[in-house]
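Trainee: Could we go through a structure together, and could you show me the reasoning behind the words people use for it?
Mentor: Gladly! Let's have it in front of us.

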Amino acid sequence: MKEIQPVSIWYNGQFIQATIFNLLSINDNLIDSANFLYELFSADNILLTNGNILMSGADYTTYSSSPTSNDFAYSWGASQLNLTLV
């Protein structure tokens, strides 16, 4: 889990600030693509939204060869979702 700059998420009829970003690898074919589950949480750990994002191509090549693949994945995922890590 990583902290992010707050973003407003519509949840149960109101906007709540998401401040926590979680990213889980749910499928990696170990060749050319990986699928990730992302989750955005409020400061008090309420799951506000989630979904899947697919990494492939040059991003996957960099990710799979990086000695800091977790950091790369979080940075990549945040950029795909227009989030800013703090």
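**Loops, strands and helices**

Mentor: Let's start with Leu30, which sits in the loop between β2 (14-28) and β3 (33-42). Keep in mind that this is a predicted model.

Trainee: Why is Leu30 called exposed?
Mentor: Its relative accessible area is 69%, and exposed means over 50%. Leu30 is above that cut-off, so the word applies.

Trainee: What makes the phi of Leu30 worth a remark?
Mentor: Most residues other than glycine have a negative phi. Leu30 is not a glycine, yet its phi is positive, about 60°. This residue lies in the turn of the hairpin that β2 and β3 form, with four residues between them.

Trainee: Which residue in the loop between β3 and β4 (47-56) has a positive phi?
Mentor: That is Asn45, with a positive phi of about 65° although it is not a glycine. The hairpin of β3 and β4 also has four residues between the strands.

Trainee: How do you know that β2 and β3 pair?
Mentor: Pairing needs at least two bridges, and β2 and β3 have nine, in the antiparallel sense. One of the bridges joins Ile20 to Phe41 in β3.

Trainee: And what makes β3 and β4 a pair?
Mentor: The reasoning follows the cut-off of at least two bridges: β3 and β4 have nine bridges, again antiparallel. Here Tyr38 has Gly51 in β4 as its bridge partner.

Trainee: Why is β3 described as largely enclosed?
Mentor: A residue is buried when its relative accessible area is under 20%. Nine of the 10 residues of β3 are buried, so the rest of the structure largely encloses this strand.

Trainee: Now the helices. Why are α1 and α2 called roughly antiparallel?
Mentor: Two packed helices are described by the angle between their axes and the distance between the axes. For helix α1 (residues 57-65) and helix α2 (residues 69-80), the angle is about 150° and the axes are 8 Å apart. Angles over 145 degrees count as roughly antiparallel, and therefore α1 and α2 are described that way. The crossing of α1 past α2 is right-handed.

Trainee: Which residues make the contact?
Mentor: On α1 they are Asp59, Thr62 and Tyr63, and on α2 they are Ser69, Phe72, Ala73 and Trp76. Sorted by class, this contact has four nonpolar residues, two polar and one charged.

Technical notes: Residues numbered from 1 in each chain as written. Predicted model: local features only at pLDDT ≥ 70, side-chain atom pairs only at ≥ 80, totals over all residues. Heavy atoms only, no water. Axes fitted to C-alpha atoms, helices over the stretch in contact; angles between N-to-C directions. Helix = DSSP H or I, 4+ residues; strand = E, 2+ residues; numbered from the N terminus. Parallel < 35°, antiparallel > 145°, perpendicular 65-115°, else oblique. Left-handed = near helix turned anticlockwise from the far one by under 90°. Contact = heavy atoms within 4.5 Å. Nonpolar A, V, L, I, M, F, W, Y, C, P; charged D, E, K, R; others polar. Buried < 20%, exposed > 50% of the residue type's maximum accessible area, 1.4 Å probe, protein only.
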